[in-house]
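User: Can you walk me through this one, question by question? Let's start with a strand and work outwards.

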Amino acid sequence: MDSLLAMLPDLVTAFKETFLMLGVSTAFALIGGVPLGFFLFITQRRLFWENRAANAVGNVLVNVIRSVPFVILLVLLLPLTQLLLKTTIGPVAASVPLSVAAIAFYARLVQGSLCEVDSGVIEAAQAFGASPAMIIRSVLFREALPGLLRGLTVTVISLVGYSAMAGIVGGGGVGDLAIRFGYYRYQTGVMVVTVAALVVLVQVIQVLGDYLVRRADLKAK
Amino acid sequence: MIELQAVSVAFPSNDRAGAAIQAVRDASLTVDRGEVFGIVGSSGAGKSTLVRTINLLERPSSGRVIVNGTELTALGARELRRERQKIGMIFQHFNLMHTRTVWDNAAFALRIAGASRADIRRRVPELLALVGLSDKAGAYPAQLSGGQKQRVGIARALANHPELLLCDEPTSALDLETSAGVLALLKEINQQLGLTIVIISHEMAVIKAVCDRVAVMDGGRIVEQGTVYEIFARPRHPFTRELVDRTFNLELPGRHLDAIHGTLLKVLFLGEKAETPVLFEAARSCNVGVNILHGKIEYVGDRAIGLLVVSLTGTAAGVEAAVAFIRDRTERVEVLHG
């Protein structure tokens with residue numbers, strides 16, 4: 001018990017690091033993943049910006065990132081991190097590969113929920129003379145919003161899992177704490193506490209996500 | 001109002017080796033201002049594709065589309081969008097935005113056309129009143145019945161005061177009663193606002209209810225066109241005949257056909273000819289027995305088209321004379337049996 005109490009400051013620091021990594025990578029998932037997902041969708045066949053070459057390039061890019069296991073991506077992107085941040089250690093540095101993975105992951109989910117939008121509604125907007133920008137803004141985005149939020153929840157929860165591997169490159173975080181103390185030092189208590197904390201964290205994210213989806217989706221029911 | 005000149009639409013085939021699919025072949029038609037024009041055909045005949053070429057949702061692979069004096073096929077993207085804002089369209093599956101209220105759906109076309117907030121606030125209640133949904137402004141599409149959804153679609157389509165309304169199978173997803181209501185509304189709009197309407201359907205009943213003229217499509221081609229009355233009274237193409245026959249639905253039970261004595265005729269009466277007692281006179285002057293087995297009178301507009309199935313019994317010469325007598329005095333006589 002005492003050892004656990006003594007762990008408390010470490011745990012707080014670890015959570016701060018985890019939140020930092022999650023915050024940065026989620027922000028990039030939104031900034032990069034949403035446009036990339038829209039791009040993948042509207043360049044598809046028989047849509048208003050049909051462009052097979054661009055679509056193929058985007059697809060291959062996303063697939064390549066998604067097929068590299070995250071532990072390996074973490075190492076693979078070290079030179080990029082060094083280039084961008086002049087360091088490869090710490091939670092901010094670990095946020096680089098996390099963000100890259102998050103963008104590719106969320107882009108696919110964004111594309112998926114855009115595919116769910118009734119193509120008739122897009123056609124109706126075209127029939128009334130809506131511009132591509134208008135279709136994206138007031139039809140696709142609005143109609144897909146519940147799906148976009150659902151996908152974001154899935155993404156953030158996946159990022160919680162990915163961030164546990166950040167310890168490999170000295171990124172810190174809750175997962176790293178669990179490995180170092182709970183596994184290498186046989187402090188099962190620490191392992192239990194951190195896992196419990198992660199379970200709570202994931203629950204909170206899911207509940208929050210469901211709440212946002214319900215607010216966006218209230219009307220459709 | 002609309003002129004389609006030799007419009008063809010080819011879709012690239014899905015498998016690489018296959019030839020392109022010709023959805024519409026060399027279709028030409030003219031729709032006059034203020035009329036309700038129908039396009040009828042079975043599913044896959046290309047009628048939906050054809051109506052989509054009118055606002056270029058489907059770009060023809062060859063041919064020209066001229067709407068209201070503007071050649072749409074010659075326009076750039078921006079000009080085309082501006083022209084499209086003057087063409088209303090409603091759809092089989094309504095295509096409303098699920099996440100928006102009736103009000104917002106009706107306002108959508110106005111927003112696209114760049115209407116001001118004040119304009120929208122004034123115009124939307126007018127539109128909802130026109131389609132009889134003033135009390136549903138705050139409802140979401142999922143809370144409406146099919147007929148109400150189509151009315152929202154109509155409100156949205158009329159928002160920018162279009163002169164042309166395209167209807168792609170507007171009643172095919174609705175039950176009979178509701179579709180009659182929607183068709184009546186379309187007819188009313190046509191008469192009150194002088195709107196030109198093009199309506200696609202696979203049902204002759206829909207065409208008969210609202211259209212002035214009709215084009216019949218089969219296998220991507222327009223095989224016949226004319227006034228609705230003409231098409232019903234004198235269908236020429238085999239496919240049109242089949243369609244019209246199906247509408248009249250004068251099928252005799254099989255056992256009836258087998259047991260028939262004498263000569264079986266199908267007689268078509270048109271207009272005033274339907275009002276003289278032809279059958280009675282034939283029976284008297286040729287000394288044959290006349291028995292009416294089946295019959296129907298359809299009114300297209302206010303003109304009647306009558307179809308009767310009768311059997312004639314008597315001497316061979318008498319029956320022959322009677323058939324000639326009836327043929328002389330009616331539109332068409334078909335000998336079904338004997």
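**A covered strand and what surrounds it**

Analyst: Both faces of β3(B) are covered, with B:Val36, B:Gly38 and B:Val40 buried on one side and B:Phe37 and B:Ile39 buried on the other. Buried means that 20 or more other C-beta atoms lie within 10 Å of the residue's own, exposed means 12 or fewer, and partly exposed is in between, with C-beta atoms placed from the backbone. This is a predicted model, where local features need pLDDT of at least 70 and side-chain atom pairs count only at pLDDT 80 or more, while totals for chains, interfaces and linings use all residues. Residues are numbered from 1 along each chain as its sequence is written, and chains are lettered from A and ligands numbered from 1 in the order in which they are written.

User: Which residue of β8(B) is the bridge partner of B:Val40?

Analyst: Strands here are DSSP runs (E, at least two residues; helices are H or I, at least four), numbered from the N terminus. β3(B) and β8 (residues 196-201) of chain B run parallel, joined by five bridges; two strands pair if DSSP finds at least two bridges between them. Within β8(B), B:Val40 has as its partner B:Ser201.

User: And which residue in β9(B) stands opposite B:Ile39?

Analyst: β9 (residues 213-218) of chain B also pairs with β3(B) in the parallel sense, over four bridges. Opposite B:Ile39 in β9(B) you'll find B:Ala215.

User: Moving on, why do β12 and β14 of chain B each have one side without a neighbour in the sheet?

Analyst: The open sheet of four strands in chain B is ordered β12-β13-β11-β14, with antiparallel pairing. β12 (289-300) and β14 (332-337) of chain B have no neighbour on one side because they stand at the edges, each with a single partner strand.

User: By how many degrees are neighbouring strands of this sheet turned against each other on average?

Analyst: Axes are lines fitted to C-alpha atoms (for helices, over the stretch in contact), and angles run from 0 to 180 degrees between N-to-C directions. For neighbouring strands of this sheet, direction is ignored, and the average turn is 20 degrees.

User: What stands opposite B:Val267 in β13(B)?

Analyst: β11 (residues 263-270) and β13 (residues 303-313) of chain B run antiparallel, with eight bridges between them. Helix α12 (residues 316-329) of chain B lies across β11, β13 and β14 of chain B, at about 15 degrees to β11(B). In β13(B), the residue opposite B:Val267 is B:Leu308.

User: How far apart are the centres of domain 1 and domain 2 of chain B?

Analyst: The domain bounds come from an automatic or database domain assignment, which gives domain 1 (2-246) and domain 2 (263-337) of chain B. Taken over C-alpha atoms, their centres are separated by 40 Å.

User: Which helix gives the largest share of the domain 1 side that touches domain 2 in chain B?

Analyst: Five residues from domain 1 of chain B and seven residues from domain 2 of chain B make the contact, which needs C-beta atoms, placed from the backbone, within 7 Å. Four residues on the domain 1 side come from one helix (residues 228-233) of chain B, namely α8.

User: Last one: which element gives the most to the side of chain A that touches chain B?

Analyst: 19 residues of chain A are in contact with 17 residues of chain B. On chain A, the elements giving two or more residues are α6 (119-127) and α7 (132-163). With six residues, the one that gives the most is α6(A).

Notes:
Contact = placed C-beta atoms within 7 Å.
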